[in-house]
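Dear colleague,

Please find the structure below, together with its sequence. My notes on its findings follow.

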Amino acid sequence: MPLAMTWLMMSVEGPLLAAVIARLPDAKINLAAYGLAYSVALVVESPIINMLTAATALVRDRLSFFKLRRFNNVLNASITVLMLLAGSTSLMPWLTANVMDVPVEVGQLSRWTILLLLPWPAMVGVRRFYQGVLIAGGKTRQVALGTVLRLLAMAVCAFAAGFWSDLPGALVGGLALTAGVSVEALAARVMAGPVVAELMEKEGETQAGDVTIGALTHFYYPLAVTAILALAVHPLTSFLAGLGRLPLESLAVLPVINSLVFIFRAFGLSYQEAAIALMGSKGENEGILRRFAVMLGASTSGALALLAFTPLATVWYQDISGLSPDLAAFALLPTQIMCVMPALTVTLVWQRSVLVAIKRTGPITGSSALEIAVIVASMLCGLYLFDWTGAVAAAAAYLTGRLAGCGYLAVEQRRYRTRRPAVES
């Protein structure tokens with residue numbers, strides 16, 4: 001439950017920032033610029049995002065702690081350089097001016113927002129490493145407390161910069177995100193202190209050969225590639241949405257739609273580390289964990305459908321998110337299409353947790369590669385064969401791609417089950 005609350009609180013930050021930006025001048029342009037910048041930041045951050053899973057699964061004693069922390073530091077430095085390159089070049093202004101049919105201001109604002117987000121990926125890496133240490137040590141409540149501090153810092157920064165300064169809305173969003181995750185990273189490091197102290201007294205639980213750079217890379221690179229592929233979907237769909245009908249409207253509502261759907265997906269995303277930690281050394285708890293996953297997926301998708309197919313959707317988009325009536329109506333159909341996504345998220349997370357628990361991470365990359373390929377193909381079909389708007393094409397593509405990814409992992413799990421008795425014997 002603390003992990004679920006952590007992800008749920010994280011899911012609030014997107015709607016909150018969108019609501020602030022939507023109430024500032026030039027809302028449509030700033031929402032589009034913020035969405036593009038955030039998509040780029042997600043891609044740059046992606047190699048580090050699964051450090052939470054790695055730390056939960058691998059940190060067991062003094063040796064494994066220091067080896068994985070050093071590995072994490074190298075990754076953090078690398079993605080910070082990438083973020084600097086993304087913000088210091090003219091790539092975004094060139095794309096928006098020469099490829100997308102959106103105003104030049106969107107590209108300029110997105111570039112400055114990327115620069116404000118410069119520390120964000122590395123701070124995500126720090127906090128996810130120490131959150132993994134906390135989860136492995138059974139301290140999940142501290143993880144939730146850190147996220148509370150993150151939300152408070154982000155909200156204070158967003159409201160102060162948004163309503164007491166003249167900063168454009170996109171820059172307000174970038175500044176608030178950086179402030180929030182930096183506070184959370186510091187809090188995670190401080191709260192992990194007692195667990196780290198216990199780890200310093202543990203020797204011999206990890207063999208030196210299990211935590212070499214080669215071994216860590218072999219375990220982690222499929223997770224990193226998976227995250228890169230998964231998070232590359234956001235800028236890719238944003239780019240493709242800019243090529244379809246009503247590009248500015250699509251770019252404006254996509255981050256708001258994704259933020260809403262993420263609230264319901266958050267419960268599933270939080271389940272991966274819980275399932276890994278509770279699976280048992282021989283998978284003895286797999287049955288009860290699978291039944292819980294079924295209930296979780298059905299309830300979260302049902303709750304999103306209740307909102308999307310009732311007047312609650314108008315209340316959410318207009319009164320809470322601050323969208324204009326025309327943008328709120330524009331967002332409705334894509335939201336309804338994505339109602340199944342929370343259940344599919346739980347399915348994918350469950351499949352991944354089983355594979356990570358047995359340290360078989362390779363198929364996870366294959367499923368992500370297939371998912372992103374299907375998303376691109378589906379979105380191109382929606383845009384050019386059916387003449388859908390960018391937002392509708394993106395929603396349908398997300399759904400189709402996730403179905404393909406889950407299907408791939410279902411086949412891989414079946415292969416594992418046929419081999420498992422021989423391995424255990």
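In these notes, a residue is called buried when its relative accessible area is under 20%, exposed when it is over 50%, and partly exposed in between (1.4 Å probe, protein chains only). Thr53 counts as buried, because its relative accessibility is 1%. The model is a predicted one, in which local features need pLDDT of at least 70 and side-chain atom pairs count only at pLDDT 80 or more, while totals for chains, interfaces and linings use all residues. Residues are numbered from 1 along each chain as its sequence is written, and side-chain values use heavy atoms, with hydrogens and water left out.

Thr53 belongs to helix H3 (residues 51–58); helices here are DSSP runs (H or I, at least four residues), numbered from the N terminus. Setting aside neighbours within four places in sequence, Thr53 contacts Leu223, Gln272, Glu273, Ile276 and Val356, where contact means heavy atoms within 4.5 Å.

Glu273 also helps to line the second largest cavity, as do Met10 and Arg127, among others. A cavity is a set of points on a 1 Å grid over the protein atoms alone where a 1.4 Å probe fits but cannot get out, and lining residues have an atom within 4 Å of a point. Grid points are joined across faces, edges and corners, and a volume is the space filled by probe spheres set on the points. The whole structure has 2 cavities of 30 Å³ or more, and the second largest holds about 80 Å³. Helix H1 (2–22) and helix H7 (120–136) each contribute at least two residues to the lining of this second largest cavity.

Ile263, in helix H12 (residues 247–269), is buried at 14% relative accessible area. Its C-alpha lies 8.2 Å from that of Met10, although the two are 253 residues apart in sequence.

There are 7 salt bridges in the structure, each a side-chain nitrogen of Lys or Arg within 4 Å of a carboxyl oxygen of Asp or Glu. One of them joins Arg150 and Glu13 (2.7 Å, N to O). Arg150 lies in helix H8 (residues 140–163) and Glu13 in helix H1, so this pair ties together parts that are 137 residues apart in sequence. Both residues, Arg150 and Glu13, are buried. They are linked with Arg127 and Glu184 in a network of salt bridges.

Another salt bridge connects Glu371 with Arg402 (2.9 Å, N to O). Glu371 and Arg402 are both buried.

With kind regards

Technical notes: 1 Å grid on protein atoms, 1.4 Å probe; cavity = no way out; pocket = protein on both sides within 12 Å on 5 of 7 lines; lining within 4 Å.
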